[in-house]
Amino acid sequence: MGASGGLHLRPARDSDRRALWRVHTEAVGTLCQGVYAPDELSTWVRLLRPEGYLRPDRPRTVLVAERDRRLVGFGQLDSLNGELEALYVLPDQVGHGVGSSLLAALESVAWGGGSPQVGLDASLNAEDFYRHRGYVSLHEARRPLTARVQLACVRMQKRRPALPTRRGATTGAPAPI
Ligand SMILES: CC(C)(COP(=O)(O)OP(=O)(O)OC[C@H]1O[C@@H](n2cnc3c(N)ncnc32)[C@H](O)[C@@H]1OP(=O)(O)O)[C@@H](O)C(=O)NCCC(=O)NCCS
């Protein structure tokens with residue numbers, strides 16, 4: 001898979017489980033502060049486990065981003081249902097294109113597999129990030145963590161871009177001879 005600015009994307013492997021967990025817990029614990037209450041964040045982080053990633057009984061497309069051989073972010077797509085289930089970047093790597101690169105690669109997988117759309121429940125802190133990448137907010141939603149704790153989030157969706165047609169066809173203008 002491609003490299004961009006020293007960034008390398010590849011499919012996750014079993015030996016990545018612990019690094020995936022570390023990225024996930026650090027991203028939630030640091031980047032979602034201020035948006036969610038401390039008890040929501042601690043419940044969220046406490047429920048994450050290294051063995052929860054790459055479960056054989058739940059086939060998913062999981063891509064990791066590496067910089068200098070360090071795993072700096074990952075994203076997870078349920079390709080069958082066109083559902084982006086996770087996108088997390090290490091706090092000290094935020095704002096350098098890791099999330100955008102992972103998202104674009106997972107969207108390519110979704111479109112290539114025939115998904116008409118990609119949907120996700122966006123954390124409140126990530127809504128602008130997705131909006132700037134073509135997603136529209138549909139409605140408020142809740143992600144249940146426990147019977148008591150439910151995270152507020154936003155249901156978002158992006159439709160598969162129209163395939164390029166014959167030159168001029170999209171504008172209605174005659175194709176040049
Ligand atoms: C949302 C997230 C995945 C984005 O990853 P990222 O690698 O920072 O994404 P990018 O660098 O491609 O883009 C980040 C955006 O923040 C801006 N930015 C620049 N510097 C920044 C900084 N120091 N801190 C935060 N954002 C910064 C970028 O310009 C870009 O803005 P844009 O949306 O207007 O283009 C990441 O911030 C994250 O892991 N957040 C916490 C977990 C989370 O909420 N995940 C989503 C679950 S639905």
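In the predicted model, strand 3 and strand 4 form a hairpin in which two residues lie between the strands. One feature of this turn is D68, whose phi is positive, at about 50 degrees. The two strands of the hairpin run antiparallel and are joined by seven bridges, with strand 4 covering residues 70-78. Within this pairing, T61 has L77 of strand 4 as its bridge partner. Strand 3, which comprises residues 61-67, is also joined to strand 2 (residues 7-11) by five bridges, and this pair likewise runs antiparallel. Here L9 stands opposite A65 of strand 3.

The hairpin belongs to a protein chain whose secondary structure amounts to four helices and eight strands. Read from the N terminus, the order of these elements is β-β-α-α-β-β-β-α-β-α-β-β. The C-alpha trace of the chain spans about 65 × 40 × 35 Å along its principal axes. The chain contains 177 residues, of which 26% count as buried. Among contacts with a separation of 6 or more, 59% are accounted for by residues 24 or more positions apart.

The ligand is surrounded by 21 residues, and the closest of these are L31, G95, V98, G99 and S100. Two or more residues of this shell are given by each of helix 1 (17-31), strand 5 (83-89), helix 3 (98-112), strand 6 (117-123) and helix 4 (127-131). By residue class, the shell around the ligand divides into twelve nonpolar residues, eight polar residues and one charged residue.

Technical notes
Residues are numbered from 1 along each chain as its sequence is written. This is a predicted model: local features need pLDDT of at least 70, side-chain atom pairs count only at pLDDT 80 or more; totals for chains, interfaces and linings use all residues. A residue is near a molecule or strand if its C-beta atom, placed from the backbone, lies within 6 Å of it. Ala, Val, Leu, Ile, Met, Phe, Trp, Tyr, Cys and Pro count as nonpolar, Asp, Glu, Lys and Arg as charged, and the others, Gly among them, as polar. Two strands pair if DSSP finds at least two bridges between them. A residue is buried if 20 or more other C-beta atoms lie within 10 Å of its own, exposed if 12 or fewer, and partly exposed in between; C-beta atoms are placed from the backbone. Two residues are in contact if their C-beta atoms, placed from the backbone, lie within 7 Å.
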